[in-house]
Amino acid sequence: SLFAFVNEPLRTMGHAIIDYIPKLFFLLLFAVAIFIVLKLLRTVFIAIGRGTIKLHGFENEWAWPTYRIVRMVVVAFGLVIVYPYLPGSDSAAFKGVSIFMGVLLSLGSSSAISNVIAGYSLIYRRAFKVGDRIRIGEVYGDVTRMRLLVTHVRTIKNEEVTVPNSVVLNSHVINYSALARTRGLILHTTVGIGYEVPWRQVEAMLLRAAKATNGVMGEPGPFVLQKTLGTFAVEYELNAYCEEVKQMMIVYSELHRHILDEFNRHKVQIMTPAYEGDPQNPK
């Protein structure tokens with residue numbers, strides 16, 4: 001009787017294994033076919049990313065994320081086909097465990113899935129790319145890596161900031177590099193000058209300060225706007241084109257130095273941020 005208790009389960013398992021061999025061959029052949037299809041897709045998308053294969057309206061940087069989407073679709077399609085061939089797929093226990101794992105995955109990865117969707121949205125929106133100088137809320141710096149979940153930004157203070165893609169998607173993004181390569185980035189600064197100083201003199205001094213600044217483009221040239229006629233002063237805005245976006249803060253600093261030198265040289269008082277009255281002694 002003890003021998004029968006051991007022999008009967010072993011005989012049942014052996015018959016089950018022998019009966020499962022045809023399905024096992026199907027799974028192996030199907031896995032090889034899926035592997036070959038993924039390798040072919042990878043080769044095609046690598047060629048698209050390198051520019052060897054060009055598709056109208058399809059950017060090269062879209063190749064790798066699109067391959068990931070296609071790969072996920074192919075793998076999901078393969079799982080749907082092979083599911084009936086898995087051992088025990090018809091049992092209630094297998095189905096119960098599958099549902100339980102699906103519920104855990106959906107509850108535990110809701111934020112991760114939202115970040116993944118946001119990451120793909122950012123890639124196809126082309127809001128920025130690696131190497132661009134951007135501002136996301138209070139974060140200002142260069143994009144070093146773009147991942148499915150987060151975007152890495154290196155600030156001008158050499159700090160590595162990790163921003164979740166869902167935050168990026170829900171925030172306004174300023175890209176300083178997008179148009180600077182072709183049209184130049186307009187740097188602008190504002191000064192308040194009293195009404196007694198002729199506006200032509202103020203504009204001439206501001207333009208001289210801009211032309212003396214390294215990094216300011218000569219063409220298109222700088223220009224001055226009179227923004228407001230304030231209660232105590234006229235607000236002038238100096239605009240100058242800059243091509244080297246990553247030197248923007250250095251150009252700003254030098255531009256401000258030249259403005260101070262120019263106005264001090266001509267003894268013109270800058271009345272920003274407020275003016276209340278003429279001092280007894282000249283400033």
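# Close-up views of a predicted model

The protein chain has a mean pLDDT of 81, with 85% of its residues reaching 70 or more; pLDDT is the predictor's confidence in each residue, from 0 to 100. This is a predicted model, in which local features need pLDDT of at least 70, side-chain atom pairs count only at pLDDT 80 or more, and totals for chains, interfaces and linings use all residues. Residues are numbered from 1 along each chain as its sequence is written, and side-chain values use heavy atoms, leaving out hydrogens and water.

**View 1. Confidence differs between helix 3 and helix 6.** Among the elements of the protein chain, the lowest mean pLDDT (66) belongs to helix 3 (residues 92–108), and the highest (92) to helix 6 (residues 199–211). Helices here are DSSP runs (H or I, at least four residues), as are strands (E, at least two), numbered from the N terminus.

**View 2. Here helix 1 meets helix 2.** Helix 1 packs against helix 2 (residues 63–82) at an angle of about 165 degrees, and their axes are 10 Å apart. Helix 1 is therefore roughly antiparallel to helix 2 (angles over 145 degrees count as roughly antiparallel, under 35 as roughly parallel, 65 to 115 as roughly perpendicular and the rest as oblique). Axes are lines fitted to C-alpha atoms, for helices over the stretch in contact, and angles run from 0 to 180 degrees between N-to-C directions.

**View 3. A salt bridge links helix 6 and helix 7.** Arg208 and Glu262 join their side chains in a salt bridge (2.8 Å, N to O), a term for a side-chain nitrogen of Lys or Arg within 4 Å of a carboxyl oxygen of Asp or Glu. Arg208 sits in helix 6 and Glu262 in helix 7 (residues 248–265), so the pair ties together parts that are 54 residues apart in sequence. The structure holds 5 salt bridges. Helix 6 and helix 7 pack at an angle of about 140 degrees, their axes 8 Å apart, which makes helix 6 oblique to helix 7.

**View 4. Two loops hold backbone details to look for.** In the loop between helix 6 and strand 7 (223–229) lies Pro220, and the peptide bond leading to Pro220 from Glu219 is cis, with omega near -5 degrees. Asn158 belongs to the loop between strand 3 (150–155) and strand 4 (160–164). Although Asn158 is not a glycine, its phi is positive, at about 65 degrees.
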